[in-house]
Amino acid sequence: MENILEAKNLSKTYLLNRRQHHILKNLNLKVKKGEFLAVMGPSGSGKSTLLYNISGMDKMTAGEVVFANEKLSQLNEDQLSAIRLKKMGFVFQQINLLKNLGIMDNIIISAFMAGDEKRDEISKRAHELMKKTGIIELTENEITQVSGGQLQRAAICRALINQPQILFADEPTGALNSSAAEDVMSVLQKINQEGTTIMMVTHDVKVAAHSERILYMIDGNIEGEYNLDKFKENSELKERESSLSRWLLNMGF
Ligand SMILES: Nc1ncnc2c1ncn2[C@@H]1O[C@H](COP(=O)(O)OP(=O)(O)OP(=O)(O)O)[C@@H](O)[C@H]1O
Ligand SMILES: [Mg+2]
């Protein structure tokens with residue numbers, strides 16, 4: 001299967017108090033088009049740093065990232081922003097919707113920023129996304145008038161409004177209770193089944209069990225990989241969780 005993203009000898013070093021901190025260390029990674037990839041690992045192992053660097057949000061120190069046949073290190077800031085806006089979607093642990101805009105406007109704003117389409121087309125797509133994620137009844141709501149789980153589903157709609165090729169999610173269920181987390185995961189699974197590649201960071205075995213492949217990071221590198229089948233039914237979930245838990249235990253998690 002074709003790779004949508006590849007990191008080659010990716011390194012990220014921060015300079016702090018005149019000391020170099022090597023956070024990503026010659027890391028290699030391939031993400032296949034259409035896959036649902038999870039990244040796990042101890043706090044501080046570099047998972048968020050990895051997402052920031054492979055998405056061009058942060059500037060790598062050395063190595064290369066190839067995304068959709070483009071070498072990110074060779075692009076300028078404007079080119080990188082255009083790629084992030086049109087080809088990548090982002091969902092974070094701390095839901096960062098704009099407080100002075102309603103749910104609907106938060107979802108469609110980046111489609112206006114992309115500037116390629118008429119308002120009608122954009123709002124039609126926003127409605128479809130809200131239907132798919134189960135929040136269609138919230139089109140008129142302000143962001144203070146919805147639950148955490150609904151807010152995260154709105155954040156997913158926003159991330160998908162420009163039909164990105166890949167969705168990066170950093171602890172997308174981190175701030176949610178377990179039933180809201182399950183709702184968000186079934187939305188992500190549906191979106192993945194419809195073709196969007198997903199790369200998600202999580203601490204939660206239950207959440208990771210929805211993915212297809214798990215990378216385990218330790219101290220700035222990928223130390224292990226665990227493959228699960230493409231997800232079929234919910235009845236599989238418990239089994240997947242326990243086999244994954246055993247593997248993580250072996251990895252020292
Ligand atoms: N801007 C920065 N400047 C200096 N060091 C940083 C910076 N950002 C992150 N770090 C350091 O890089 C290391 C990895 O951080 P990162 O946020 O990637 O970890 P993580 O695996 O996502 O952890 P968590 O599971 O807690 O979210 C940490 O030791 C952190 O202190
Ligand atoms: Mg993190």
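Mentor: Two strands pair if DSSP finds at least two bridges between them, and helices (H or I, at least four residues) and strands (E, at least two) are DSSP runs numbered from the N terminus. This is a predicted model, in which local features need pLDDT of at least 70 and side-chain atom pairs count only at pLDDT 80 or more, while totals for chains, interfaces and linings use all residues. Residues are numbered from 1 along each chain as its sequence is written, and chains are lettered from A and ligands numbered from 1 in the order in which they are written.

Trainee: OK, so what is the bridge partner of Ala 7 in E4?

Mentor: Ala 7 is partnered by Val 65, and this belongs to the antiparallel pairing of E1 with strand E4 (residues 62–67), which extends over five bridges.

Trainee: And how many bridges join E1 to E2?

Mentor: There are 10 bridges, with E1 and E2 running antiparallel, and one bridge sets Thr 13 against His 22 of E2. The hairpin of E1 and E2 has two residues between the strands, and in that hairpin Asn 17 takes a positive phi near 50 degrees.

Trainee: Switching to the ligand, which residues surround ligand 1?

Mentor: Counting a residue when its C-beta atom, placed from the backbone, lies within 6 Å of the molecule, the shell around ligand 1 consists of Tyr 14, Leu 16, His 21, Ile 23, Gly 41, Ser 43, Gly 44, Ser 45, Gly 46, Lys 47, Ser 48 and Thr 49.

Trainee: Which element gives the largest share of that shell?

Mentor: That is H1, which contributes three residues; strand E1 (3–16), strand E2 (19–32) and helix H1 (47–54) each supply at least two residues of the shell around ligand 1.

Trainee: How do the shell residues divide into nonpolar, polar and charged?

Mentor: The shell around ligand 1 holds three nonpolar residues, eight polar ones and one charged, where Ala, Val, Leu, Ile, Met, Phe, Trp, Tyr, Cys and Pro count as nonpolar, Asp, Glu, Lys and Arg as charged, and the others, Gly among them, as polar.

Trainee: New topic: in what order do the six strands of the open sheet come?

Mentor: The open sheet of six strands follows the order E6-E7-E8-E3-E9-E10, with mixed pairing. Its edges are strand E6 (88–92) and strand E10 (221–227), each of which pairs on one side only.

Trainee: Do E3 and E9 run parallel or antiparallel, and over how many bridges?

Mentor: Strand E3 (residues 36–40) pairs with strand E9 (residues 213–218) in the parallel sense, over four bridges, and Met 40 has Tyr 216 of E9 opposite it.
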